[in-house]
Structure formats: structure tokens, C-alpha cells
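Please open the model in a viewer and keep a selection panel at hand. The tour below proceeds one selection at a time.

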Amino acid sequence: MTAFEHFYQLFEPEHYQLFLDIDRAAKQISGKTTITGIAKQATIALHQKDLTIQSVQADGVAIDFHIDADQDAIRLTLPKAGKTTLVITYQTNLTDTMMGIYPSYYEVDGVKKQLIGTQFETNSARQAFPCVDEPEAKATFDLAIRFDEQEGETILANMPETKCVEGVHYFDTTVKMSTYLVAFGFGELQSKTTTTKSGVKVGVFGTYAHAAKELDFGLDIAKRSIEFYEDFFQTPYPLPHSWQLGLPDFSAGAMENWGLITYREAYLLLDPDNTSLTTKRVVATVIAHEVAHQWFGDLVTMKWWDDLWLNESFANMMEYVCIDAIEPEWHVWESFHTSDVPAALLRDATDGVQSVHVAVEDPAEVDALFDAAIVYAKGARMLVMVRALIGDEALRTGLKAYFAAHQYGNATGADLWSALATASGIDVGAVMHSWLEQPGYPVVKAAVVNGELVLSQEQFFIGDGKDQGRLWQIPLASNYASAPELMKEATLSLGDYATLRAEAGEAFRLNVGNNSHFIVQYDATLWQEILGEATTFDALSQLQLLQDLRLLANGRKVSFTELVALLPEFADSPSAIVNQALYVIAEEFQLFATPDSDEETQLKAYYRLVSTANYTRLGMTPKATDANDDQLTRPVVAKAALFGENAAAIADAHNLFTAYQEKLSQLPAAIRASVLANEVKQYGTEALFEKLLHAYRQSSDASFKQSLQLAITQANESVILDAVVAKFQDADTIKPQDLRGWFYSTLANPLGEQLAWDWIRNNWQWLLDTVGGDMSFTSYIQMIARVFRTPERLAEYKEFFEPKLHTPGLTREITMGINVIESRVALIAAEQTATNAAIATAVKRA
Ligand code: BES
Ligand code: ZN
């Protein structure tokens, strides 16, 4: 294995002057980079990737250079160590990988256009200019750009433009910052701007393929997020502006470049007149996430990528803290509990998962670190745990000190813990150590043993897992006072159960509030007590009960039949989060029912049993009088009613489709995907497919396009799915950034599974070339493992992926994928008969 060096140890850049001349037509870039810095020794190296270096001067004298492609390096021998000014001239190309400096492609009124943008995190700044491309190598930057400019074009960068001379745009010197945060963009852009209370200019920029009103929501959220953080962190936003730029082609979701945040359009622009609350929450939290990074990530940056979680986990928690503060009515923490929490608990239960903090050196491994379920969701959960432990006041005091101590510099996890420990008096680092350095999490078993209430912890696994005797420091959050705040030991007795129960007057519970990263398995005595009270619990506790039981069933600690019996108890709940949890479980029952079998007929009846009351109450069409819970519950219940072939639901959906068939994008967004999918499933023809695909190609509304994608891939005719797969490599129809969704939903359609699986095996190299550099490339491997459920598919998966096991960045995903499929195959073999029988019984009894 190659050892990767840190070039910052050899050369410390202080200031860069970047000049770029970009020719879009020829897709060529000529650059000149002047770097002033301190050479620690005469032999130094800078990063570069795919740059054709023409000349290098050190303090005005031409010197030799050596390209070391394996290390993305240019190696130099300077006349002497010490302060040096390097001037490097080079040429390179616009890439088509959504990394480095790259064009986005789009159309306005049938005319093809381009917008140039950048994406440098984690290691693509080196594709744009030679630099020490490491987060610790902070410097100031002067950017100057010339391009084949046309009338009416706009250029944006981290800092404001100071002058434009002979077609060269000059931007103000930046503050000290990391290379991965440098950004610019240019093309035909519309914009809306405003100013925060403290005088920061805020703007949203997008192409003219969008209606102007689509910019409003993002502008409002960005402005109020900045105002919120300035107050919460008690640290001013340090730049004159905060631009939000929507790029039609974007590999990640959004990127926190300092002063110029870039977004996938789906996460910035929305139609204020037809967007679901779910989508509004998503867009708002993405914006708040990137804005949080302007402090946590940009002002203070992790020292090295092993502490990436410090950036991402924190921003992931703050996006909820911020939006909950500025839009309390949206109850945005519900999204945390229904999406981040189960994602973390599910993935973190698979042996082979990474810990939140991971040592890394290889650039390919750095990109593979961005495991959303771990670095984002689990990491955020860790911080939520800390926040619950120390409270907001100490959190704010600690953060203020942390920013003051490390601003314009770098920090590690230990620096944050020490700031929070000082502010709170609690040794946060000691508690967090067990959570951040170890993969996985515990199941706490609560049992009455010889009359005593006994707790024990052990690692929870879904599928094969090797118990290594790991222990965690668990904030128990019990409703019984005799339970300690932290459980550090393997087992613990709380005392005589009968006495405790009598004193408390209610069932024993742990992890009240669901802030800690563990699940609970109660013994039969305790579980019966809980079930007796469950219908009176608040919605979050009910959700937690269902979620924990679902995990225990997947981990084979309880039978799925218990879930089958339990769901109807919650079926009439008006709560969106309870319904969401309920239908996640009901969907798992589909694992046991072969399509078009008698078992599936029974399962559909079970779906009707569970969903009919809520469907009858809510109907298909949103109403002005809807409570939040109604808005969020309807799509979930409607989808279930349609799966259950509830005749009224099918008719309602069809009638809606008919009413809107000339203006499909105006179908109410929350139920649009279900209405379209119903039409495809029940009345699908090739003409309908053509119509929907045409609408997909024409639209620039990301949320409408997603509804169409979800609907089209529900087709129940192979010819249509064949035609879908034939479009996978046609970027004019399906942008590479959107292929993931198409691939997954085709694969998840039983009729499309073989087609999509054949496609990916036959076109693996094309996929690598096209999106192989994406931070979430490995999600393709993950999606396949999420769908496969038979021994035959397991064998095929192994045959295809095992030879790729040693590819940097893929090893973990492939290993985990095999484990996931194996455990599902075993689960189905063990539970299928009993689960299907329980479903038939439940249906008969009703
Ligand atoms: N810094 C990341 C984006 C990123 C990560 C770019 C890795 C390149 C490599 C950004 O802050 C982020 O977390 N984006 C999320 C969206 C989000 C709000 C969770 C993403 O892209 O998925
Ligand atoms: Zn982030």
C-alpha cells in the first residue's frame, strides 16, 4: 500500500494568487498560480491532478519539476528552504465528472446552455490549481478569472468582485481558508438578494430555467439561518456576502464553500405554491446545514479528514436546531427521528461498519468516509446526546470559546470536547470516546431476575456479528430515579423491582426522549407493562417502541409475528411519525410475500385493515384545514391504501390524475408520486409512459421530476422497464446526478430487478467513469444489498463484487453488502412461514 504524505509538513502556503482563463467552447483552462509560503526544507511537493504543468519558478528562477501521478503530486527542489514565491503555469480541461471545474448542462426554451461551477471537497482543488490540498494548509486567496464571456453573464466567487479589467474579473482577497472551500461559478443567472440584520448580503442564484418565485424560499431560509447562527454561536458571520448557487449538475447534495454555497437545484429552489411540507423541511435543513458549516467547517476546520465527522455531524445536528428555532411549527425534529435515527440504527447494526471517527490517508478512502448513516446521522445523534447531557447554555458558551480559540485555524474532536467540558463541568470527551471510536451500539436488556430489575448491555447486530465485548457509556434517560445517569458497566442491578414499580406507579422505561444511540429489549414482564400503557404514550415514545421492535426483529431477537400483532394497535393514530414508523415495518412484511401469491393477497388485506380508517379520514386530496400531522400522514397512508388495493383510493387517485392530466406538475406535491404511480400500475400504457417521460425531460422542477421517476419505474410491463433502462446512459434524459434514484426504483420493482442488475454489471466501467468520483458512489453497492433477498442473488452479488473487494473505497461497502444480504436470506427462511400465517390470522380476525 502506498503511504500518503502530508505536504503541509514540507511547505506552508500563506497566500495564493490564482489566475484562470477558461474557454468553455474548447473545454480548456490555462492557469497561473503564484504561491507564497514557507518551505520547511528544499525538497517539497504540491498537489496537482491532471494538470499539464508548463513551467515552475521559485523566486523568479525557473526550476525543474517532477510529476508523481500516484500521489497527485508535483515534486520540486528549491534552491533553499525558507520563504519562497512559486509561480506555476499550466493547462487543464473542464471535467465532466462534477468534480473540479465543470460545466452543468441545461436548457431554456429548447436552447442548450452551460453554467460553470466548482466542486473541490474533498480533494479536487488540485484539479483546478496546484496547491497544498489539505484542510490544515489554510491560506488567503486572490482569484482572477477570464472566460469566453457573453453579454448578460454573471460571475460569483467566495468574495465580492473588486474590478474587471480587460475581461479579467478580480475578487477581493479571502480570509484564511482551506483549499477545498474555494469556489466560483459563472453563466446566465437570475438572482434575488436581501441583507441580514447585521448587514451580510444574502443571495440566491439560479438559471433561467426556473421561475423567479422558486428563489424566494431559499433566500428567506438562508437569511434567517445566518441570523440564527450569529446569535447562537455569538460569533459574527465573517464574510461580506453569503451566496447560494443552484447548479443543474451536482454530485453531492450541497457544498459549504465559504461565501458561495453550491446546491443541487432540488435542495435550493422550490415552487412556493406547490411543495409538500416534507420537501420544505428537507430544503430548509439542507440550507441550514451548509450555513452552519460557514462557522463549523469553514471558520474552524478539522485538522485532517479523520475528523470529518466533526464538520458533518455537527452541521447535521445544527440544521435541526436552527430550523426548529426559526420555524417551530414545522416540528422538524420529527424528520430527525424518522429518517436519521433509523438510518443510523440500521446501518450501525451491521458488522464491519465504520466508527464515526476513522483514520484515513488514501484520497479514495477519504471520499468513502462520507457514510451518511454514520458520519452524518450517527454522529449527529452523538451530538444530540451531548446536547441533552450538557444543555444549550453550556453548548453555546463552549462553542463561543471554541470559535474564538480556533477561528481561521483547525481543530480536532478533542478540542471541541475540552471547550464543552470547560463550559459544562462534564467530561464530555470521556463519554464520547466509547461512541466515536467504536463501531456499533448496544442493546440494553432490561429484565426482572430473581425479583431484581437488572440491566445489561451488549453489542446489537443484524446478521452475523462478532461480539468483541465492547462497552459503551450509556446515558440511560430512565423514568425510574434509581437508574443512574450513565451506565458504564456490562450489567447493573437497580434493586427490587416490585418496590421500584410501586414507587414509580408506571412501567419502567429507558431512553425516554430517544436521544441516546441504543435500543432496549424488555423482558416479557416489563414489555407487558409497557404495552398496557403504550396507547397513552406521546407520539415520539410510540415511534421509538415501533422502531426498536423492528430492529430487534431484524436482529432475530424477537419474532416478526409480534410486529404483525402490534401494528393494528397503532393503526388509527393521527400522528405522522407513528404512521411513518408503522408503514416502514409493514413494508418489511413485503419481504415475506412473493409478488402475485396468495400471501401477497393476504398482505394487501392486512394493509387495508391497517390503513382504511386513516385513509377514510384524510382522503387523497390535501385540504386547507389540514394539521401538520395530516399533511405528513396522508402520503404515507395513501401509498399504503393503494398498495392494499383499497378501491376508493384507486378511484380517487385515478380521478385526480384525470382532472390534472393536462397540468400534471400541479397535482398536489405531497401525493403526486402516488397518484402517478397508481396510474402507471393500474392503467399503464406505452402512451402514458411516453407522456410521463416527456414531462420528465421538459421539467426543471426537481420535485416533480422525482415524482415522475418514482411513478415510471413502477411499471408492470417489461417493455416499459426495458425502455427505462435504455435511458440510463442518456444524459439528455436522465442526468448522471439523478441516475441513483432511477436505478434503485427500477431494481426495487420485482419486474425490473433483473434488468437493472444486468445493466449495472454490464456497464460498471461506464458508471465508474461517469460518477465514480462522487462522495456517494458506494450507495450503488448499498442499494443492491438493500434489495436482494434470495440465495441466488447473493451468489451473483458475490461473484460480481468480490473481485472488486480490494478497490480503495469499496472494501467496506462490499463486505457489509454481503453480510446484509446473507442476513436477509436467513431472516426470510426463518420467519416467512410464521409471519405470513400471522398476517392471515390478523386479517381473518378483523
Ligand atoms: N460538505 C458536504 C458535501 C460534500 C461531502 C462534498 C463530501 C464532497 C464530498 C456538505 O456539507 C453536505 O454535507 N452535503 C450533504 C447535504 C446535506 C445537507 C446533508 C450532501 O451532499 O448529501
Ligand atoms: Zn455537510
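Begin by selecting domain 2 and domain 3 of this predicted model, whose C-alpha centres are 24 Å apart. Domain 2 is residues 314-436 and domain 3 is residues 442-536. For orientation, the division of the protein also includes domain 1 (1-187) and domain 4, which is made up of 597-633 and 657-845.

Next, display the residues where the two domains meet. On the domain 2 side there are 20 residues in contact with 21 residues of domain 3. Between them, domain 2 and domain 3 bury about 1700 Å², and carbon and sulfur atoms account for 59% of that area. Now show D351, R381 and W435 as sticks: these residues of domain 2 lose the most area to domain 3, and together they make up 33% of what that side buries.

Which kinds of polar pairing should be sought across this boundary? Between domain 2 and domain 3 the count of residue pairs in polar contact, with both residues at pLDDT 80 or more, is 9. The count of salt bridges between the two domains is 0.

Then colour the helices of domain 2. Three of them, α4 (333-347), α6 (372-406) and α8 (428-436), each provide at least two residues of the side that touches domain 3. Select α6 in particular, since the largest share of that side, 7 residues, comes from this helix.

Finally, colour the domain 2 side that touches domain 3 by residue class. Its residues comprise 13 nonpolar, 3 polar and 4 charged.

Technical notes. Residues are numbered from 1 along each chain as its sequence is written. Chains are lettered from A and ligands numbered from 1 in the order in which they are written. This is a predicted model: local features need pLDDT of at least 70, side-chain atom pairs count only at pLDDT 80 or more; totals for chains, interfaces and linings use all residues. Side-chain values use heavy atoms; hydrogens and water are left out. Domain bounds come from an automatic or database domain assignment. Contact means heavy atoms within 4.5 Å. Buried area is the accessible area (1.4 Å probe) that two parts lose on being put together, summed over both. A salt bridge is a side-chain nitrogen of Lys or Arg within 4 Å of a carboxyl oxygen of Asp or Glu. A polar contact is a pair of N or O atoms within 3.5 Å; within protein, one must be able to donate a hydrogen and the other to accept it, and residues adjacent in sequence count only if both atoms are side-chain atoms. Helices (H or I, at least four residues) and strands (E, at least two) are DSSP runs, numbered from the N terminus. Ala, Val, Leu, Ile, Met, Phe, Trp, Tyr, Cys and Pro count as nonpolar, Asp, Glu, Lys and Arg as charged, and the others, Gly among them, as polar.
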